[in-house]
Structures are given as structure tokens and as C-alpha cells.
Amino acid sequence: MRICPLALRGAAAAVALTAALPLTVAQAHDHGSVRATVTPSSAAPGATVEVSASGCDGTTGSASSGAFDGEVGLTGRDGDKFSLNGSGRIKHGVSGTYDVTVTCDGHPHQGAGTVQVIQHNPVPVSPVRAGGGGTAELASATATQSAEEAGPGTRHAVIGLVLAGVAAVAVAFRSVRRRRSE
């Protein structure tokens, strides 16, 4: 009678070990020592980046990311002692930080590295100082003036018209005085 419960416990322990063994192997591949470095770590869309993976056995592998145009082939000497290297291109229309997954040893290693995609939108700050006899400085100074300093407004036009009217009246009055005195 004692053999039946003992056999049942042994069978349960064997099932538990069999179930736990694949999990530990999978965790070793997911959280292993495989690391990926992307150079430069921040790149613009369309730029070429170098991917270097360390901790892989063998001489070939691949790297993939949502930021890459396609899979990046990695090659090198004995990956366990040396790094596997390859180059890829950042695809257009993406921005942000992306994880890099390295596939080597027949297993994917997710989150082995990251790459940051930044958008470059160059905005001209000032005109180029080329020729024109120094007019580039004048053009940039005029462009930066505010609306108040840009030139005469309605108020200035009214004051000018009033002054012109006063001058016209003064000239007419003076000419009338000269004719009377003659």
C-alpha cells in the first residue's frame, strides 16, 4: 500500500521537472548574455547603422527591429568570444525608440538592444552670407523686425496728411499776403 502513494508522488515530481525544464531553457535564451549595440544609437530615417551583437555562439546571426528596413545579417568569428557585426538602414516614416531582437544559436533574444530614431527637420536660421556686398545682414535684420518697427502705419499716414495740409495752408496764406503787400 505504501508503494502506490510513493509512485504517485514520484510521477508528480517527474511531471513538474519536465514542465519546468523548458521554461528555464527559454528564460536562459530570453534573458541571456546576448547584447546588441547600434552605432550610432540615435539615427535619422534613411541612415545606415552598424549593429554589433555579443554573446552568441557561432559565426552568423541576424538582428531585427521595427526601425530597420529589413533583417540585418550578422557575421563574424566565433560569436562567443567575438562580436557578430552587420549594417542596416533605418526605414523612412518612423521615429522613437525601438527594441532590437538578435537571433542566434537558433533562438531569438528579444530586447538585446535599442535604437532611437530621430527626425531631422532643418530650419534655416539666417540667410547665407554669400555675396551681395553685405546685404545678407540687412535682409536678416529686416526680416526679424516686429510689426511695430516694420514701417509707417495708419497713424503715421494721418499725421503726414495733416502736416501736408498745414503746409499747404501756410503756403497759400503767405502767397496771399505777398500779393496784398505789392
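T101 is buried, with a relative accessible area of 19%, which places this residue just inside the under-20% limit for burial. The structure is a predicted model, and its chain averages a pLDDT of 76, with 63% of the residues scoring at least 70. In total, the chain contains 3 helices and 8 strands. The points below begin with the overall architecture and then turn to the strands, the nonpolar core and the disulfide.

**Overall architecture and confidence**

- Along the sequence, the elements follow the pattern α-β-β-β-β-β-β-β-β-α-α.
- Of the 182 residues in the chain, 19% are buried.
- The accessible surface of the chain amounts to about 13,100 Å², and carbon and sulfur atoms contribute 59% of it.
- Among contacts in the chain with a separation of 6 or more, 49% join residues that are 24 or more positions apart.
- Over residues 10-15 the pLDDT stays under 50, and the model has 0 contacts beyond four places in sequence for this stretch.
- Residues 21-31 also have a pLDDT below 50, and this stretch has 6 contacts in the model beyond near neighbours in sequence.

**Strand β4 and its two partners**

- Strand β4, residues 60-64, pairs with strand β5, residues 72-75, in the antiparallel sense over 4 bridges.
- Within this pairing, T60 has T75 in β5 as its bridge partner.
- Strand β4 also pairs with strand β7, residues 96-104, again in the antiparallel sense, over 3 bridges.
- In that second pairing, S64 stands opposite T101 of β7.
- Beyond its neighbours within four places in sequence, T101 is in contact with S62, A63 and S64, and also with P108, H109, Q110 and G111.

**A63 within strand β4**

- A63 lies in strand β4 and has 0% relative accessibility, so this residue counts as buried.
- Not counting residues up to four places away in sequence, A63 touches V51, F68, G70, E71, V72, L74, V100, T101 and V102.
- The C-alpha atoms of A63 and G86 are 8.5 Å apart in space, although the two residues are 23 positions apart in sequence.

**Strands β3 and β6**

- Strand β3, residues 48-54, pairs with β6 in the antiparallel sense over 6 bridges.
- One of the bridges joins E50 to its partner S87 in β6.
- The side chains of strand β6, residues 84-89, alternate between two faces.
- L84, G86 and G88 point to one face and are buried, whereas N85, S87 and R89 point to the other and are not.

**The largest nonpolar core**

- The largest nonpolar core has 22 residues, of which V51, F68, L74, I90, V100, V102 and V115 touch the most other members.
- Strands β1 (35-39), β3, β5, β7 and β8 (107-117) each supply at least two residues of this core.
- In soluble globular proteins, nonpolar side chains tend to be buried together.
- I90 touches A43, A44, P45, G46, A47, V49, A67, F68, D69, V115 and V117, leaving out residues up to four places away in sequence.
- F68 and V115, which appear among these contacts of I90, are also listed with I90 among the core residues that touch the most other members.

**The disulfide**

- A search of the whole structure finds 1 disulfide, formed by C56 and C104 with their sulfur atoms 2.1 Å apart.
- The pair links distant parts of the chain, with C56 in the loop between β3 and β4 and C104 in strand β7, 48 residues apart.
- The link of C56 and C104 is left-handed, with -75 degrees about the S-S bond.
- C56 counts as buried because its relative accessibility is 0%, and C104 counts as buried because its relative accessibility is 2%.

**G58 in the loop between β3 and β4**

- G58 is placed in the loop between β3 and β4, the loop that also holds C56.
- At 33% relative accessibility, G58 counts as partly exposed, whereas C56 is buried at 0%.
- G58 and G106 are 48 residues apart in sequence, with a C-alpha to C-alpha distance of 10.0 Å.

Note on methods: Residues are numbered from 1 along each chain as its sequence is written. This is a predicted model: local features need pLDDT of at least 70, side-chain atom pairs count only at pLDDT 80 or more; totals for chains, interfaces and linings use all residues. Side-chain values use heavy atoms; hydrogens and water are left out. Two strands pair if DSSP finds at least two bridges between them. Buried means under 20% relative accessible area, exposed over 50%, partly exposed in between (1.4 Å probe, protein chains only). Contact means heavy atoms within 4.5 Å. pLDDT is the predictor's confidence in each residue, from 0 to 100. Accessible areas come from the Shrake-Rupley method with a 1.4 Å probe; for residues, only the protein chains shown count as cover. A nonpolar core is a set of buried Ala, Val, Leu, Ile, Met, Phe, Trp, Tyr and Cys residues joined through side-chain atoms within 4.5 Å. A disulfide is a pair of cysteine sulfur atoms within 2.5 Å.
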